[in-house]
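Grab your viewer and work through a few short exercises. Try each task before you read its solution.

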Amino acid sequence: MTAENKNCPPAFGRALIAAYSYSGSTHRIAREIQAVTGGDLCTIYPWQPYPMAFPELLAQVKKEIAAQHRPRLLPTAFLPCAYPVIFVGTPNWCGTIAPPLASWLHRNDLSGKILLPFYSHCGGVSGDLQADIARLCPKADVREALGVIDGDKGELRGVLKEWFQRTGLAESPLNQAAAATGIAILAPAK
């Protein structure tokens, strides 16, 4: 146990939803995950905001991804060491995770955690975000990534339920143990 873990308050079986969102699409997914799980939402912000004009944004993102740049982040209120399950969200930028999420993953020891990646995209190249996150967190259990197309106003809650079942989270012993104490990672369906 590291010194950081000794100072970690327990999360009592709750999940953490750590997400970076540029346009708000990824936050829409994160908020729905929070509503379904009752987890804590940790919003990731880069120290220096990205440009608003798309050509400048795209040029900067391409450079950062090619250089594996890890931007400086604003502090967050949540310590990931307290959570056994962490949902990690990002926009799909150039077929991979956005540099702010990569920076957050790189800076936190997520060994032994269950990571559930999710991402928003515009229908372009989706890449392999699960593998990209697994490379940054080799000692974590990185499960199947969920991609949600921007503007898709379908039944997101149903999509999430199916994803939880595919990734084994709905039947996990952790969720069953948490439910027995009255605090479930996945809140019962209403």
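Three exercises follow, each with its solution. This is a predicted model, where local features need pLDDT of at least 70, side-chain atom pairs count only at pLDDT 80 or more, and totals for chains, interfaces and linings use all residues. Residues are numbered from 1 along each chain as its sequence is written, and side-chain values use heavy atoms, with hydrogens and water left out.

**Exercise 1.** Work out whether Thr90 is buried or exposed, and what its side chain pairs with.

- Start with the place: Thr90 sits in strand E3 (residues 85-93), a strand being a DSSP run of at least two residues, numbered from the N terminus.
- Next, the cover: Thr90 is buried, because its relative accessibility is 1% (buried is under 20%, exposed over 50%, partly exposed in between, with a 1.4 Å probe and protein chains only).
- Now the neighbours: beyond four places in sequence, Thr90 touches several residues, including Tyr20, Phe118 and Leu129 (contact: heavy atoms within 4.5 Å).
- Finally, a polar atom of the Thr90 side chain lies 2.9 Å from the backbone nitrogen of Ala98.

**Exercise 2.** Find which residue 27 places away in sequence comes to 4.8 Å from Asp141, C-alpha to C-alpha.

- Locate Asp141 in strand E6 (residues 141-142).
- Ile114 is the residue in question.
- Asp141 is also in contact with Lys113 and Leu115.
- Asp141 counts as partly exposed because its relative accessible area is 35%.

**Exercise 3.** Place Tyr45 and judge its exposure.

- Tyr45 is in the loop between strand E2 (40-43) and helix H3 (54-66) (helices: DSSP runs, H or I, of at least four residues).
- At 47% relative accessibility, Tyr45 is therefore partly exposed.

Terms used. Polar contact = N/O pair within 3.5 Å; in protein donor to acceptor, adjacent residues only side chain to side chain.
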